[in-house]
Every structure is written in C-alpha cells, then in structure tokens.
Amino acid sequence: MTTIVRPGLDELVRGIGALTARRLERRETAFAVADLLRAHLPSLDLLTPEEREGSPDGYVSQVLHAQDDFSIVAVVWRPGQGTVIHDHVSWCAFGVLSGIEHETLYRDLGDHLTEIGRADNRPGEVSGFAPPGDIHAVLNTSDEVGVSVHVYGADVRRLGSSVRRVYDLPVR
C-alpha cells in the first residue's frame with residue numbers, strides 16, 4: 001500500500017479540529033475556518049500530479065479527511081467544468097489553489113430562483129458561508145485545471161456528499 005504525503009493537511013486537520021471543538025454558530029465557524037485556511041492554504045502539492053489532472057467526465061471531489069464534525073475535500077475542475085445549482089448540508093469554507101472558480105449566487109423565491117451575485121474566486125482567495133443563503137453554482141472559467149480545497153462542517157464520507165439540495169427551478 002502506498003502512502004500519499006499531503007503537505008499541510010495535518011496542520012489543517014489540527015487547526016480545524018480546534019475550531020470546531022469551540023462549538024461556535026455555523027456562520028462564525030465558517031468564517032473562523034476560512035481565516036485559518038487563508039493563513040495556511042496548502043499548495044498544489046496537496047494532491048499528486050495524477051489527482052491534479054481531473055477527469056474529462058466532470059469535476060472530481062476527493063475526500064482528504066473526514067470525521068464527525070468536518071471534512072476536507074479537494075475539488076479538481078477542468079476548464080469549463082462546473083456544478084449544478086445547489087446548496088449544502090452545513091457551513092463551508094474554501095480556498096482556490098489554481099484556476100478561477102466563478103460562483104453565481106441565488107435566492108429561492110419559492111417558484112423560481114433569482115441571481116443575487118457573482119464572484120470570481122482566484123488562486124489564493126478564500127471564502128466561507130453557511131446555510132441558509134448558500135444556493136450557488138460554480139464553474140471553472142479559466143484555461144487551466146482548477147484545484148480548490150473545501151472544508152465542510154459534516155462527515156461527507158458518511159453522508160456521501162456535501163450537497164443538501166439540487167435546484168431545478170427556473171432562474172428569473
């Protein structure tokens with residue numbers, strides 16, 4: 001069995017574990033984890049060269065660490081790959097290592113969604129959010145493979161995903 005060395009992962013696990021042990025409100029936790037991630041954003045060496053290639057079939061999520069109260073997931077997006085409109089089961093913080101994650105934010109108005117904002121998240125940028133109000137879609141708009149690190153306030157191995165709901169309502 002080959003052991004993959006993931007530079008910076010142990011430090012993130014310890015720091016995030018200490019923050020989640022404080023049992024702050026969801027939004028406070030998301031922002032605190034974002035601050036920690038901003039200060040200790042790992043390099044692309046967190047993934048092997050093969051893992052950084054992604055897949056032509058769609059973006060790839062790889063769970064790097066999971067425990068009851070949080071998970072660390074690397075997401076690899078080839079140019080033009082993105083998500084459907086969705087929200088999450090928990091708070092989230094993410095940092096971009098490469099590529100540009102174009103995020104479109106939405107509000108659910110019952111019978112339709114309305115766009116409420118857009119952001120281009122570039123390498124080195126970090127953000128955090130918590131439900132409610134976390135409905136979004138993400139697209140790699142760069143010409144390079146995008147890699148980002150996402151921290152979710154849930155055990156995604158047990159849940160199977162960080163996604164709570166996929167939205168197929170019309171956007172007006």
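Strands are DSSP runs of E with at least two residues, numbered from the N terminus. By that definition, Trp 77 has its place in strand β2, which covers residues 70–77. The structure is a predicted model, and its protein chain has 3 helices and 10 strands. This briefing covers the overall fold, then several individual residues, and then two backbone features.

**Overall architecture**

- Along the sequence, the secondary structure elements of the protein chain follow the pattern α-α-β-β-β-β-β-β-β-β-β-α-β.
- The radius of gyration of the protein chain is 16 Å, close to the 16 Å that the globule rule gives for 172 residues, so the chain is as compact as a globular protein of that length.
- Taken along the principal axes, the box filled by the C-alpha atoms of the protein chain is roughly 50 × 40 × 30 Å.
- Among contacts in the protein chain with a separation of 6 or more, 78% are between residues 24 or more positions apart.

**Burial, surface and charge**

- Of the 172 residues in the protein chain, 48% count as buried.
- The exposed area of the protein chain is about 8800 Å², and carbon and sulfur atoms supply 49% of this area.
- The protein chain carries 17 positive and 25 negative charges, and the mean positions of these two sets lie 4 Å apart.

**Trp 77 in strand β2**

- Trp 77 has a relative accessibility of 3% and therefore counts as buried, the cut-off being under 20% relative accessible area.
- Beyond its neighbours within four places in sequence, Trp 77 is in contact with a set of residues including Tyr 59, Gly 82, Thr 83, Val 138, Asn 140, Val 147 and His 150.
- Glu 101 is also one of the contacts of Trp 77, and the side chains of these two residues make a polar contact of 3.0 Å.
- Trp 77 and Ser 55 are 22 residues apart in sequence, while their C-alpha atoms are 7.9 Å apart in space.

**Leu 64 and His 65 in strand β1**

- Leu 64 is found in strand β1, as is His 65, and this strand spans residues 60–67.
- Leu 64 counts as buried because its relative accessibility is 11%.
- With neighbours within four places in sequence set aside, Leu 64 is in contact with Arg 6, Leu 9, Leu 46, Leu 47, Ile 72, Val 73 and Ala 74.
- Leu 64 and Val 151 are 87 residues apart along the chain, and a distance of 10.0 Å separates their C-alpha atoms.
- His 65 counts as buried because its relative accessibility is 18%.
- The contacts of His 65, apart from neighbours within four places in sequence, are Val 13, Phe 70, Ser 71 and Ile 72.
- A polar contact of 2.7 Å links the side chain of His 65 to the side chain of Gln 67.

**Ser 142 in the loop between β8 and β9**

- Ser 142 lies in the loop between β8 (135–140) and β9 (146–152).
- This loop residue, Ser 142, has a relative accessible area of 11% and is therefore buried.
- The side chain of Ser 142 makes a polar contact of 2.8 Å with the side chain of Asn 140.
- At 3.0 Å, the side chain of Ser 142 also reaches the backbone oxygen of Glu 144.
- Excluding neighbours within four places in sequence, Ser 142 is in contact with Pro 79, Gly 99 and Ile 100.
- Ser 142 and Gln 81 are 61 residues apart in sequence, and their C-alpha atoms are 9.9 Å apart in space.

**Backbone features in loops**

- Most residues other than glycine have a negative phi, and most peptide bonds are trans.
- Arg 23 is not a glycine, yet its phi is positive, at about 55°.
- Arg 23 is found in the loop between α1 (9–20) and α2 (26–39).
- With a relative accessible area of 61%, Arg 23 is exposed, a class that requires a value over 50%.
- The peptide bond from Pro 131 to Pro 132 is cis, with omega near -5°.
- Pro 132 is found in the loop between β7 (126–129) and β8.

Conventions:
Residues numbered from 1 in each chain as written. Predicted model: local features only at pLDDT ≥ 70, side-chain atom pairs only at ≥ 80, totals over all residues. Heavy atoms only, no water. Helix = DSSP H or I, 4+ residues; strand = E, 2+ residues; numbered from the N terminus. Rg over C-alpha atoms; globule rule 2.2 N^0.38 Å. Buried < 20%, exposed > 50% of the residue type's maximum accessible area, 1.4 Å probe, protein only. Contact = heavy atoms within 4.5 Å. Areas by Shrake-Rupley, 256 points an atom, 1.4 Å probe, with all protein chains shown as cover. Lys, Arg positive; Asp, Glu negative; His and termini not counted. Charge placed at Lys NZ, Arg CZ, Asp CG, Glu CD. Polar contact = N/O pair within 3.5 Å; in protein donor to acceptor, adjacent residues only side chain to side chain.
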